[in-house]
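Please open the model in your viewer and keep the selection tool at hand, since this tour moves from one selection to the next.

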Amino acid sequence: MDRDVIIACDFSSKEALYGFLGKFGDIKPFLKVGMELFYKEGPGMVRELKEKGYKIFLDLKLHDIPNTVYRAMKNLASLGVDITNVHAAGGTEMMRYAKRGLEEGARGNLPLLISVTQLTSISEEILRKELLIGASLADTVKAYAQNTKEAGLDGCVCSPLEAPIIAGLGLLSVTPGIRMEGDGKNDQKRVTTPAMARELGSAYIVVGRSITGAADPAEAYTRCMKEFIG
Ligand code: C5P
């Protein structure tokens with residue numbers, strides 16, 4: 001299994017991102033580009049990063065009717081990204097269409113396609129009172145992961161604590177909620193260290209503030225890689 005540390009690039013502009021990447025010298029980390037940066041800078045920035053040799057997890061969490069997601073994925077695949085994702089709540093058929101879009105749009109390497117089961121911002125109470133879903137959060141996560149498997153996707157975004165369940169289905173897990181020993185939790189509720197995530201079977205850890213907020217981001221990244229990859 002490939003394992004890697006992905007830096008969550010929660011920056012508001014390309015200039016801020018490039019200023020940050022400038023601190024890494026020749027090191028080219030795997031980067032997660034999310035909605036904030038993508039909607040500001042567009043696909044051109046993703047192409048530019050790929051041309052510079054970065055691996056990209058494009059975290060746009062698509063969720064729409066199957067045909068629309070299929071067409072959107074075709075376009076995203078043509079950017080040459082390495083990982084992208086959808087909401088499992090869009091259903092199994094939507095996930096199958098997403099995969100087909102990637103297969104048809106990919107130039108060269110097929111990006112890994114993963115699903116978001118439940119957002120960590122969704123609580124049992126929101127599930128019941130707002131979304132009128134009677135099943136427990138844990139049961140919906142398991143069912144969505146099962147659907148993800150049936151649709152032929154590669155894995156799920158989840159907490160490292162849920163990675164063993166995901167691995168049991170033969171799926172890989174991409175796990176945020178990582179903090180280096182001694183760092184603050186910020187708004188994350190359940191955090192694990194890179195070493196703990198490795199033990200629990202995470203394939204990729206997504207690390208934001210423990211690296212982006214460090215006094216020496218390249219040093220924090222190298223330390224994180226050493227702890228996670230060995
Ligand atoms: O700074 P931090 O390490 O907490 O950043 C984690 C990254 O992972 C952020 O980009 C956040 O949006 C993302 N994420 C998360 N929890 C999820 C899904 C994504 O923290 N369940």
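## Starting at the ligand

In this predicted model, begin by selecting the ligand together with Asp10, where an oxygen atom of the ligand lies 2.8 Å from an N or O atom in the side chain of Asp10. Add Thr120 to the selection, and you will find that an N or O atom of the Thr120 side chain is 3.1 Å from a nitrogen atom of the ligand. Then turn to Arg209, whose side chain places an N or O atom 2.7 Å from an oxygen atom of the ligand. With these contacts on screen, consider the ligand's surface: taken alone the ligand exposes 460 Å², and the protein buries 82% of that.

Next, widen the selection to the residues around the ligand, which are Ala8, Asp10, Lys32, Thr120, Pro176, Arg179, Gln188, Val206, Val207, Gly208 and Arg209. If you colour this shell by residue character, it divides into four nonpolar, three polar and four charged residues. Now show the protein surface, and where does the ligand sit? The ligand sits in the largest pocket.

Finally, select the chain as a whole and switch to a cartoon view, in which the chain has ten helices and eight strands. Showing just the C-alpha trace, you can follow its principal axes, along which the trace spans about 45 × 40 × 35 Å. The radius of gyration of the chain is 17 Å, which agrees with a compact globule, because a globule of that kind with 230 residues would have a radius of gyration near 17 Å.

Definitions and conventions. Residues are numbered from 1 along each chain as its sequence is written. This is a predicted model: local features need pLDDT of at least 70, side-chain atom pairs count only at pLDDT 80 or more; totals for chains, interfaces and linings use all residues. Side-chain values use heavy atoms; hydrogens and water are left out. A residue is near a molecule or strand if one of its heavy atoms lies within 4 Å of it. A polar contact is a pair of N or O atoms within 3.5 Å; within protein, one must be able to donate a hydrogen and the other to accept it, and residues adjacent in sequence count only if both atoms are side-chain atoms. Accessible areas come from the Shrake-Rupley method with a 1.4 Å probe; for residues, only the protein chains shown count as cover. On a 1 Å grid over the protein atoms alone, a cavity is a set of points where a 1.4 Å probe fits but cannot get out, and a pocket is an open set with protein on both sides within 12 Å along at least five of seven lines; lining residues have an atom within 4 Å of a point. A molecule sits in a cavity or pocket if more than half of its atoms lie within 2 Å of its grid points. Ala, Val, Leu, Ile, Met, Phe, Trp, Tyr, Cys and Pro count as nonpolar, Asp, Glu, Lys and Arg as charged, and the others, Gly among them, as polar. Helices (H or I, at least four residues) and strands (E, at least two) are DSSP runs, numbered from the N terminus. The radius of gyration is taken over C-alpha atoms; the globule rule is 2.2 Å times the number of residues to the power 0.38.
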